[in-house]
Amino acid sequence: MSLIEDINSLIKPLDLKAMEGARVRQNRLTKPPGSLGRLEELSINVAGIKGEVFPHMDNKAILTFAGDHHVVFEEGIASAPMEVTAMQVDNFVRGGGAVNVLAKHAGARVVVIDMGVATPYKSKTGVKNKFVASGAKNISKGPAMSRDEAIKSVIGGIETVLEEIDNGLDIVGIGEMGIGNTTPSSAIFSLYTGLDPIEITGPGAGIDSAVLDKKVNIVKRALEVNNPNKDDMFDVLSKIGGFEIGGMVGAIICCAAKKIPVVIDGFISTAAGVLATSYNPLISDYLFLSHKSAETGYKHVFDFFKTTPILDLGLRLGEGTGAALGISIIDAAVKSLKDISTFEEAGIVL
Ligand SMILES: Cc1cc2ncn([C@H]3O[C@H](COP(=O)(O)O)[C@@H](O)[C@H]3O)c2cc1C
Ligand SMILES: O=C(O)c1cccnc1
């Protein structure tokens with residue numbers, strides 16, 4: 001636990017001086033003030049996070065945390081076989097996943113982390129091993145994991161970021177792979193919003209309406225059986241979370257501590273964002289929501305964040321796909337702040 005507390009204690013409010021410097025520069029660039037809209041705000045936020053008016057954006061990474069969920073198979077609410085999580089891990093290592101393609105487009109590397117994949121994958125190299133246990137247990141019957149395992153999963157996420165910093169890390173996208181993980185994510189959102197699971201729970205990767213009814217009841221049962229305490233993030237993570245969700249929480253905490261902008265992906269990584277923000281509200285300043293997930297409950301979760309999604313493309317995939325697109329927009333924002341000439345430099349007098 002002490003690594004988590006030590007890292008958490010490093011998280012500080014944004015650098016207001018750097019933000020003011022960026023704001024002043026934005027207003028001196030050869031364009032009408034405010035005309036780059038949200039890009040201006042994004043660049044100012046990155047300056048505040050990094051404490052620099054000209055932040056570096058050379059090294060970008062999508063961290064895709066993988067883990068399984070026994071609840072969806074034991075209760076018959078799965079969208080795909082459990083083995084698909086492991087198969088997708090291999091696909092990502094080969095570079096053939098949707099996240100690989102969009103990350104490449106954004107100039108970001110993809111790091112795949114095994115937090116708790118329950119079936120074997122073929123890749124011998126190319127997967128970071130932070131394995132905690134073989135899939136989260138059935139949350140409709142009891143806790144997903146022990147408290148110690150929840151702590152271990154968060155530490156795995158922190159270690160991932162610390163190790164990746166050595167490879168250069170200017171911005172991070174948070175993604176996941178885990179068949180069934182919209183179920184724990186829906187439970188987490190229901191708990192923190194206080195909304196009935198029927199308003200939050202959606203079809204995930206794709207189930208019919210009869211299975212969706214069952215899924216809503218499973219989310220309700222998970223909350224009743226476990227009675228998680230929302231003021232204790234580790235209680236929530238251990239009772240209704242998952243190993244890849246814990247990994248994402250750790251990565252988010254560590255990025256905030258290390259002044260690295262964190263770009264959240266869709267429904268599941270947003271659940272990790274809610275958990276991390278509940279653990280330390282200062283983290284909210286370090287987060288960017290890349291896109292508005294099309295999954296049912298997503299629209300109800302903005303109150304937890306100081307920001308709103310950058311894109312609205314109807315995505316509902318996960319893996320870090322939306323985060324990759326978000327990174328390319330943030331990169332454009334930072335480049336605009338740095339590289340557009342000021343009126344003075346261009347010799348333009350208005
Ligand atoms: C082939 C395939 C690739 C995926 N890539 C991401 N997900 C997404 O779907 C899963 C969550 O949805 P649910 O809770 O309904 O299973 C996660 O793995 C998420 O990343 C996928 C799902 C499938 C089937
Ligand atoms: O929004 C997402 O990331 C999402 C939605 C449904 C299924 N998988 C991921």
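# A walk through the chain, its sheet and its ligands

The residues that form the shell around ligand 1 fall into six nonpolar, nine polar and two charged, and this shell is a good place to begin reading what is a predicted model. In total, 17 residues surround ligand 1, and the closest of them are Ser79, Thr182, Gly204, Ala205 and Gly318. Several elements of secondary structure contribute to this shell, for α5, β4 and α8, the last of these covering residues 182–193, each provide at least two of its residues.

Ligand 2 has a shell of its own, made up of Thr182, Gly204, Ala205, Asp265, Gly266, Phe267, Ile268, Ser293, Glu295, Arg316, Leu317 and Gly318. When the residues of the shell around ligand 2 are sorted by class, four are nonpolar, five are polar and three are charged. A reader who compares the two lists will find Thr182, Gly204, Ala205 and Gly318 among the closest residues to ligand 1 and also in the surroundings of ligand 2.

From the ligands we can step back to the chain as a whole, whose secondary structure amounts to 15 helices and six strands. The radius of gyration of the chain is 20 Å, close to the 20 Å given by the globule rule for 350 residues, and the chain is therefore as compact as a globular protein of that length. Measured out along its principal axes, the C-alpha trace extends over about 70 × 45 × 40 Å.The strands come together in an open sheet of six, ordered β3-β2-β1-β4-β5-β6 and paired in parallel. Because β3 (127–129) and β6 (287–289) stand at the edges with a single partner strand each, one side of each of these two strands is left without a neighbour in the sheet. From one strand to the next, the twist averages 30 degrees.

At the β3 edge, the pairing can be followed in more detail, since β2, which runs through residues 108–116, joins β3 in the parallel sense over three bridges. Within this pairing, Asp114 has Asn129 of β3 as its bridge partner. Helices also lie against the sheet: α5 (residues 83–94) crosses β1 (60–67), β2, β3 and β4 (171–177), and runs at about 155 degrees to β2. Helix α6, from residues 98–106, packs on the sheet as well, where it touches β1, β2 and β4 and points at about 145 degrees to the direction of β2.

Finally, the chain can be read as two domains, with domain 1 formed by residues 2–55 + 335–346 and domain 2 by residues 60–331. The centres of domain 1 and domain 2, taken over C-alpha atoms, are 28 Å apart, while 15 residues of domain 1 are in contact with 18 residues of domain 2. On the side of domain 1 that touches domain 2, α1 (2–8) and α3 (37–50) each supply at least two residues, and α3 gives the most, with five residues. Sorted by class, that side of domain 1 holds ten nonpolar, two polar and three charged residues.

Terms used:
Residues numbered from 1 in each chain as written. Chains lettered and ligands numbered in written order. Predicted model: local features only at pLDDT ≥ 70, side-chain atom pairs only at ≥ 80, totals over all residues. Pairing = 2+ DSSP bridges. Helix = DSSP H or I, 4+ residues; strand = E, 2+ residues; numbered from the N terminus. Axes fitted to C-alpha atoms, helices over the stretch in contact; angles between N-to-C directions. Contact = placed C-beta atoms within 7 Å. Near = placed C-beta within 6 Å. Nonpolar A, V, L, I, M, F, W, Y, C, P; charged D, E, K, R; others polar. Domains from an automatic or database assignment. Rg over C-alpha atoms; globule rule 2.2 N^0.38 Å.
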